Amino acid sequence: MTSSDFVVHAMTPKGDKVTFNTGLFINNAFVAGESTIDTINPATVRHVHVETLLFSLYKAGENQVNAAVEAAERAFREVWSKTSGRERGRLMLKLADLVDAHREELARLETLDNGKGIAIARGYDVPELAKTLRYFAGYADKVHGKVIETEGKLSYTRHEPIGVCGAIIPWNFPLMMLGWKLGPALCTGNVVIVKTSEMTPLSALKVAELVVEAGFPPGVINIITGLGPVAGDKLARHPKVGKVAFTGSTAVGRQIMKASAESNLKKITLELGGKSPNIIFDDADIDQAVAWAHKGIFFNHGQCCCAGSRVYVQEGIYDTFLERFKAYTEQTKVGDPFDESTFQGPQISQVQFDRIMSYIEHGKKEGATCYMGGKRFGDKGYFIEPTVFTDVKENMKIMQEEIFGPVVAVSKFSTLEEVVEKAHDTAYGLAAAVFTQNISQAIQVANKLEAGTVWVNCYNELDYNTPFGGYKQSGIGRENGEYALENYYQVKAVKINIA
């Protein structure tokens, strides 16, 4: 079979054409996998528990993972390790240009099998991939060590690539996460095997076509689709893979750590779950706080690891905030993701839909008030109404566990000390936010909070040049920005006797 045998021509629900490959991208060619896996359109499922087939794609088994690793290892040894930083950067910039040129088709594919609003996919997800590639391309010829003054010796350090890196990306931001993994790995001289989520492989497979067009040598970038317990586990355990970057749940992150420990002690970075607090003080601009709190929880259908799912409002403005937040949330456009005005699309799958609805029911049973929402939206697709709980206690399940859906709990607090203590009552530490017009208070609270990112008077503002990662059980290491480079190179000290 040739790569052209895997090409699929399809139409979106709006009648727009999309083209992509259904094979596994290994060594710059699309190849068959051990078997196929079905993808669905989460927006068009007609009945709960009856899924509508979108496409069948090949999934990787152990043999295909081995083939990808061998191709990557050969590319690193024979070509990529000898490629200059300037040339690596040039190829990355070319790929970024091609992503921009194919923005519309990539956005359609992202919306088709992920369900996010087309305007958001086009205006945010696709551009973020291109921007991230360009940012790290700039570092490609600037990865170097330093000279260290020592007695009688010339001492210097080298920042050397690890070699073969595995990247396991999630289903909530397929394109953006692809950029977060490819950017720092490629610019530091590594080769990469990306395992996409089996639920959202389409956009990454389209990018694979662009990798060839950009001129990357065979084996430098490999993109495979497969199940986590099979392809993901094999990648995490493979003895020729020196580093794995994973974004996903804390539970699976533990498995990645275990696989690394039981194999070759790979270097790992983990960007995991969160239960992030959003703290709103009495002196905050209420309308701004309402708008940002809405984005903080309902952006991407609530399927964000850093979602502001615990909103703490100081007692002086609590009732006013709640009233305005409800009115603002009632205006949320939920529905067809191919509608340009849609903000909230469907949840990704039946499993996620059921999981979120079970949390909603659990919140009611524990005594929390379902202030708004709490039900399925419409009669098709995995849509859930934007849901707000009040009268919550810190030990409730909906306050302690990551729901990963459009569900938020709004709680009242009195003092700064009280809210900081409540904010820390979680196993996670990915993100947090503070809303206040008192800059001293903002800095004080931001410095106290145990979180990898703290936003002040905004929420869910992520940038490719700013580090992102968590405290506690929200992960290990940082992605994005200069800090991300440290995860992808090894430091060698060289000492020359000149006495």
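# A tour of rings and one helix

Start by selecting Trp171 and Phe404: both of these residues are buried. Keep in mind along the way that this is a predicted model.

**Stop 1: two ring pairs**

How is a pair of aromatic rings described? By the distance of the centres and the angle of the planes. With 17 aromatic pairs in the count, there is plenty to look at, so to speak, and two of them make a good beginning.

Select Trp80 and Phe216. Their rings form a tilted pair, with 5.9 Å from centre to centre and 40 degrees between the planes. Trp80 belongs to the loop between α1 (62-78) and α2 (85-101), while Phe216 belongs to the loop between α6 (202-214) and β11 (221-225), so this pair ties together parts that are 136 residues apart in sequence. Are these two residues buried or exposed? Trp80 has 0% relative accessibility and counts as buried; Phe216, at 2%, counts as buried too.

Now go back to Trp171 and Phe404. Here the arrangement is edge-to-face: the centres are 5.5 Å apart and the planes meet at 85 degrees. Trp171 sits in the loop between β9 (164-168) and α5 (174-187), and Phe404 in the loop between α12 (397-400) and β18 (407-413). The pair links distant parts of the chain, 233 residues apart.

**Stop 2: a cluster of rings**

Select Tyr135, Phe136, Tyr139 and Tyr464 together. Ring pairs join these residues into a cluster.

**Stop 3: charges over rings**

Next, show Lys295 with Phe299. The charged end of Lys295 sits over the ring of Phe299, 6.0 Å from the ring's centre. Then move to Lys326 and Tyr371, where Lys326 lies over the face of the tyrosine, at 5.2 Å from the ring centre.

**Stop 4: the two sides of α14**

Finish with helix α14, residues 439-448. Which of its residues are buried? Colour Gln441, Ala442 and Val445 to see them. These three cover an arc of only 100 degrees around the axis, which puts them on the same side of α14. As background, an α-helix has 3.6 residues a turn, so residues three or four places apart point the same way.

Show the surroundings, and you will find that the cover over the buried residues of α14 includes β14 (277-280), α13 (416-423), β20 (431-435) and β21 (453-456). Turn the helix around: the face away from the buried side carries exposed Ile439, Ser440 and Asn447.

Last, zoom in on the start of α14. A side-chain oxygen of Asn438 reaches to within 3.0 Å of the backbone nitrogen of Ser440.

Methods: Residues numbered from 1 in each chain as written. Predicted model: local features only at pLDDT ≥ 70, side-chain atom pairs only at ≥ 80, totals over all residues. Heavy atoms only, no water. Phe/Tyr/Trp six-rings, centres within 6.5 Å; stacked < 30°, edge-to-face > 60°. Helix = DSSP H or I, 4+ residues; strand = E, 2+ residues; numbered from the N terminus. Buried < 20%, exposed > 50% of the residue type's maximum accessible area, 1.4 Å probe, protein only. Lys NZ or Arg CZ within 6 Å of the ring centre and 35° of its normal. Arc of directions from axis to C-beta. Contact = heavy atoms within 4.5 Å. Polar contact = N/O pair within 3.5 Å; in protein donor to acceptor, adjacent residues only side chain to side chain.
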